[in-house]
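Trainee: Please take one part of this model and go through it closely. I would like the metal site and what surrounds it.

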Amino acid sequence: MRDSTIASLSARRVWDSRGCPTVEVEVRTAGGAIGRAIAPAGASRGSREALDLRDGGSKLGGKDVKGAIAAVNDKIAPVLFGRDVCDQAGADAAMIALDGTPFKSALGGNAIVATSLAILHAAAAAKETALWQHIASSYGRTPTIPLPEIQIFGGGAHAGRRVDVQDFMIMVPGASSLDEVFEITAEVYAAAGKIMAQKGKSVGVADEGGWWPMFDSNEEALSTLVDAIELAGETPGDRVVISLDIAASEFGSAGKYRLALEDRELDSDQMIALLGGWLDNYPIVSIEDPLAEGDTEGMRAFTEAYGDRVQIIGDDYLVTNAAFLKEAAQIGACNAVLIKVNQAGTVTESVDTFKAAETAGYHCVVSARSGETEDTSISHLATGLGAGQLKVGSFTRSERMAKWNECLRIQDNAPSCVFVAGQPLVKTWWGKKGN
Ligand code: PGA
Ligand code: ZN
């Protein structure tokens, strides 16, 4: 164990996968341990998540982060100097107190999350252990290799709103290993590209690396995904299943859902009926933000109708907030939560939400943002917590592949870590089909 007292902590400006500035924080301990992390950035953000501090003005689209960097260097560093990096909760609490606002808008969610994650890395380095191992031992967890959710077609805010639905993904809960998941995913991704090219609809990729959604309806994306799974030699609903992120807050509010692509408006009940039809006709096992973040009654009704056969994830709806999750559990809204560290703002708050989810019997999916970097902290977080599932976008582009490849490295270094084959998810679909 190296001396884990914080000796220096500073931020620099780096750049994310959309070419936007973001915050990297580097922490050094007296014993020479180094921890480094970069803040990601969302595009379809929940209204109640931690707010990034951006400079505004005309330069760099108002997205520069000089204020957030100054917050780390001038305000956070003096408060954390001399603390022990192994006291994650203490460091996070000190930043929350220093910020003093409900959405971390004073110091910036970007400044705080990069610092919080850098401290986590520094503690692992001081203990001379892998990050996933540090997380597992700190929070008393049994680590597991997570089941990936991988995007094949992008959409919504990540694809110029070409289609309304944001993520058309696959999961391979029938695979026997992570290597097999990636092999099958690579085949499905390539098959989807082949189909788009044959139709003359291959025009590039969306923000998270999925194929650009040149479709005439939202459902055409679903049927094309089924075709791609078949072209890859798989039986849809067998080893390979579908997962959707509707991201309904992006096109719905006050109980009205405007499907721009199809030029129609649905109320909450009609939206539930539309999605229910998709669940009946396609091998979908997981659906995220099916209704808008403010449509609590819709979310409850959807969960009542379909919660016994599909995973229903709250992202914008729950924003990695333990209190919101407990409220949702009380009324029976959703049965799973997305864990995005930068929605909460700190590692400690994210783990609190994870634990609240487990207590409530909710599944957990650790997730990246649409604006990402080479930072692989979440691969370790998903493994170390034994969260079970990981969502980082598609199967191209290095900000995505860095995280998938890190899972492979962790697996090689952790032979005792089992791969979560996702049996509860498989059962929901197989059970319905009478298998
Ligand atoms: P975001 O969306 O990172 O653009 O906010 C990702 C998601 O909705 O899961
Ligand atoms: Zn989402």
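Mentor: Donors here are N, O and S atoms within 2.8 Å of the metal (3.2 Å for Na, K and Ca), and water is not among the atoms, so sites may look incomplete. This is a predicted model, in which local features need pLDDT of at least 70 and side-chain atom pairs count only at pLDDT 80 or more, while totals for chains, interfaces and linings use all residues. Residues are numbered from 1 along each chain as its sequence is written, chains are lettered from A and ligands numbered from 1 in the order in which they are written, and side-chain values use heavy atoms, with hydrogens and water left out.

The zinc ion (ligand 2) has three protein donors, Asp245 (OD), Glu288 (OE) and Asp315 (OD), at 2.1 to 2.2 Å. Their spacing in sequence is D-x42-E-x26-D. Aspartate 245 belongs to strand β7 (residues 241-245) and aspartate 315 to the loop between β12 (311-314) and α9 (322-331), so the pair ties together parts 70 residues apart in sequence. Helices (H or I, at least four residues) and strands (E, at least two) are DSSP runs, numbered from the N terminus. Both aspartates, 245 and 315, are buried (under 20% relative accessible area, with exposed over 50% and partly exposed in between; 1.4 Å probe, protein chains only).

Aspartate 245 also faces ligand 1: a polar side-chain atom of this residue lies 3.1 Å from a ligand oxygen. For arginine 369, a side-chain N or O atom is 2.7 Å from an oxygen of ligand 1. Serine 44 has a polar backbone atom 2.9 Å from an oxygen of ligand 1.

Terms used. Polar contact = N/O pair within 3.5 Å; in protein donor to acceptor, adjacent residues only side chain to side chain.
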